[in-house]
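Subject: Structure handover

Hello,

Here is the structure for your files. My notes come after it.

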Amino acid sequence: MVATAATSAFFPVTSSPEPSDSKNKKLGSGSTNLGGFKSKSSASSGSLQVKANAQAPPKINGTTVVTTPVEGLKNDDGVSSPPPRTFINQLPDWSMLLAAITTIFLAAEKQWMMLDWKPRRSDMLIDPFGIGRIVQDGFVYRQNFSIRSYEIGADRTASIETLMNHLQETAINHCRSAGLLGDGFGATPEMCKKNLIWVVTRMQVVVDRYPTWGDVLQVDTWVSASGKNGMRRDWLVSDSKTGEILTRASSIWVMMNKVTRRLSKIPEEVRGEIESYFMNSDPVVAEDSRKLVKLDDNTAEYVCKGLTPKWSDLDVNQHVNNVKYIGWILESAPLPILETHELSSMTLEYRRECGRDSVLQSLTAVSNFDVGNMGNFDEIECQHLLRLEDGAEIVRGRTQWRPKHAKSLGNVGQIPAESA
């Protein structure tokens, strides 16, 4: 259309008047003479009239001509006839080509803007995910995680299970980034050949502050030797923006034959794979050498029975994930403690594994806390035991609880006004 308008400015269009006697002359009998170009009336004017009434664009020499009501001619009966053939309406319709080119350029510009997108506000969350990286001369693995909305609880903070899952994820990714991940879950190639897997025997966790929704965590992890046949793995969780230390954790791992389910020494072939990655450092959490108490029906104050693993609780090594044990331990913790206190530290000793057909019991004993006195905000210590119905021990544990912030007590279960 732009090309047609431009051409019309340089080539004026003249047309000869059409006779008014429509009874004696056929429609479309007018002729136009422009610079030697002459158009003759069509013999099949009746068919042209039907096409015009159906609003179909006429074709001249195989070229579609777009007409406007101004260009059309009317007879005495008020019926429109096709416009006369002129130099202008014989030109190609360049508007379709221009529209296609414009569409292509707009689409390309949109894609480029999406690739070059940057947040316009500082409080907009940037997804920091991706593959972690090796730092500090190849000894430390670092990866970022963002706390999602489905990972927070009634206190609007992440749960201890969420933190433990992030720790486990970085441990597996560390093995993969170092090229030590075989066909097993965290097992090296030589471990896979010998049917060996890693199992945790002891875990210590200290939580200084729980992250909340939208916080981006930086998790650093590294490994060290622990005796002759063990490996220690440490984690340091911090706020990626401020660098504030949020959580520290230290764990001891040993090898187990996944066929016989018995503990195994570290073979020399496996030691040759992993020893170069050992970091000479002290544990990030000072070892709590106090002996964990064994609870029974007489010493336990709270007992939760009938706990059974689900299919989703099993990992690829066909045993219950160690994070699931933490959730079962807290099943027997009294509700008033969960409402007024938060878990600040825990020490766990894993005694044996349980299968998907096991039925467990969770036992808890509380010290320095009066459940009936909600005004008591002293620190609390609890002893825990997770056992099978026949009495076989699965996990022993000790947890420390600190009072929640006073401002959080009145906001449990409420949504912040700025996010409502």
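The notes below cover the nonpolar cores and then two backbone angles.

This is a predicted model, in which local features need pLDDT of at least 70 and side-chain atom pairs count only at pLDDT 80 or more, while totals for chains, interfaces and linings use all residues. Residues are numbered from 1 along each chain as its sequence is written, and side-chain values use heavy atoms, with hydrogens and water left out.

A nonpolar core here is a set of buried Ala, Val, Leu, Ile, Met, Phe, Trp, Tyr and Cys residues joined through side-chain atoms within 4.5 Å. Buried means under 20% relative accessible area, exposed over 50%, and partly exposed in between (1.4 Å probe, protein chains only).

The largest nonpolar core has 59 residues, and Ile160, Met164, Tyr325 and Leu386 have the most contacts inside it. Strand β9 (residues 196-207) gives the most to this core, with 6 residues; strands (E, at least two residues) and helices (H or I, at least four) are DSSP runs, numbered from the N terminus. Beyond its neighbours within four places in sequence, Met164 is in contact (heavy atoms within 4.5 Å) with Met203, Val205, Val323, Ile326 and Met346. A second, separate core has 6 residues, including Val140, Val206, Val284 and Val285.

Two residues other than glycine have positive phi. Gln136, at about 55 degrees, is in the loop between β7 (133-135) and β8 (140-146). Gln136 is partly exposed, at 46% relative accessible area. Arg156, with phi near 65 degrees, is in the loop between β8 and α4 (160-177). Arg156 is also partly exposed, at 26% relative accessibility.

Regards
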